[in-house]
Amino acid sequence: MVTDKDKIILGISACLTGDQVRFDKSHKKSDFCVNQLGKFVEYQKFCPEVAVGLPVPRPTIRQIKRDDMIHVSRPDGSMDVTLKMNAYAEKSASKMSHLSGFVFMKGSPSCGMERVKVYYEHGKGCEHDGVGLFAKQVMALNPNLPCEENGRLNDPHLRENFVLRVFTYKKWQNLVASGLTIHKLTTFHGQQKYLVMSHNVAAYKALGRLLGEENDLPVEQLADKYITMLMQALKKPASRKNHTNTLQHLQGYFKKHLTKQNKQELSENIIAYHDGLVPLMVPLTLINHHLQTYPNDYLANQAYLDPYPKDLRLRYGL
């Protein structure tokens with residue numbers, strides 16, 4: 001039985017689920033979101049345009065820079081929904097603590113995360129430096145919430161990174177819901193060691209210093225600092241170099257157990273991954289195999305080895 005604790009709820013632009021809410025009554029259904037990730041999460045759908053009263057179908061709207069302010073309206077300035085959109089965005093974004101991530105619609109004047117077209121008032125030309133009014137509020141009021149655009153999810157590294165952050169953030173939400181203690185916080189940090197190391201070694205050390213040097217803070221303040229630093233560290237996809245370093249650290253746990261032949265096999269596959277000859281799953285599969293043969297509770301609890309459901313097969317493309 002799935003409990004509320006187990007549910008992973010993501011916010012999503014409604015058109016990405018197949019809802020026909022775009023200006024021309026079409027949709028932008030995301031196969032990955034609906035048919036792959038959708039097996040493991042639930043979605044809460046948002047369409048800011050419909051929410052502020054725009055019809056379907058409707059005339060197109062865009063971001064327009066006028067009087068040093070960004071307006072959302074038709075190209076001629078009519079049907080301006082800027083105030084309504086901002087009000088809806090602020091109200092909605094303030095009630096998203098139950099979400100573990102958000103997938104936005106690329107390029108949308110309401111939902112685009114970045115590089116949204118901002119047109120000049122005279123209508124000739126545009127800049128590509130805008131952020132959707134709704135997305136901007138969501139990210140501002142929920143700075144640790146993993147967010148991504150549908151277009152960027154076509155990149156295997158960005159897709160894997162987003163899902164990894166979602167599942168990590170959900171574990172954090174469960175931890176907070178269980179009642180924070182210093183012991184729980186340090187245990188959680190220990191379980192993230194190699195996950196963080198694969199992204200940023202300096203960040204792992206900084207997180208350790210935070211827990212070691214500032215543990216006299218109220219646990220809630222310490223936790224707020226910790227999760228902000230953790231999610232920031234995980235935001236950049238892990239590099240091949242950092243993965244290799246992490247794999248070699250994991251290899252060290254088996255040096256007293258493996259035969260010379262097995263040690264050589266694991267070393268060669270880690271180097272082969274480093275050189276781009278095999279995917280990350282090859283050395284990881286070997287490490288998991290050795291972990292079953294030579295159990296180690298500390299390694300078995302490392303998030304790096306099992307950050308999200310294996311059925312998503314996200315590491316096969318890395």
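Trainee: In what sense do strand 3 and strand 6 pair, and over how many bridges?

Mentor: Strand 3 and strand 6 (residues 116-120) pair in the parallel sense, over 3 bridges. Pairing requires at least two bridges found by DSSP, so 3 bridges qualify. The bridge partner of Lys65 in strand 6 is Tyr120. This is a predicted model: local features need pLDDT of at least 70, side-chain atom pairs count only at pLDDT 80 or more, and totals for chains, interfaces and linings use all residues. Residues are numbered from 1 along each chain as its sequence is written, and side-chain values use heavy atoms, without hydrogens and water.

Trainee: How do you know that strand 3 and strand 4 are joined, and which way do they run?

Mentor: Strand 3 (residues 62-66) and strand 4 (residues 69-73) share 5 bridges and run antiparallel. Ile64 faces His71 of strand 4. The hairpin has 2 residues between these strands, and Asp67 takes a positive phi near 55°. Strands here are DSSP runs of E, at least two residues long; helices are runs of H or I, at least four; both are numbered from the N terminus.

Trainee: What makes strand 2 and strand 8 edge strands?

Mentor: The open sheet of 4 strands has the order 2-1-5-8, with parallel pairing. Strand 2 (42-46) and strand 8 (147-149) each pair on one side only. Inside the sheet, strand 1 (residues 9-13) joins strand 5 (residues 101-104) through 3 bridges. Leu10 has Gly101 as its bridge partner in strand 5.

Trainee: Why are helix 5 and helix 9 called roughly antiparallel?

Mentor: Helix 5 (residues 156-178) packs on helix 9 (residues 219-234) at about 165°, with axes 10 Å apart. Axes are lines fitted to C-alpha atoms, for helices over the stretch in contact, and angles run from 0 to 180 degrees between N-to-C directions. Over 145 degrees counts as roughly antiparallel, so helix 5 and helix 9 earn the term.

Trainee: What residues make up that contact, by class?

Mentor: They divide into 9 nonpolar, 2 polar and 1 charged. Nonpolar covers Ala, Val, Leu, Ile, Met, Phe, Trp, Tyr, Cys and Pro; charged covers Asp, Glu, Lys and Arg; the others, Gly among them, are polar. Contact means heavy atoms within 4.5 Å. Leu164, Arg165 and Trp172 are among the helix 5 residues, and Tyr226 and Leu230 among those of helix 9.

Trainee: What about helix 8 and helix 9: at what angle do their axes cross?

Mentor: The axes of helix 8 (residues 201-213) and helix 9 cross at roughly 175° and come within 10 Å. That makes helix 8 roughly antiparallel to helix 9. The contact includes Leu207 and Leu210 of helix 8, and Tyr226 and Met229 of helix 9. Its residues are 10 nonpolar, no polar and 1 charged.

Conventions:
Parallel < 35°, antiparallel > 145°, perpendicular 65-115°, else oblique.
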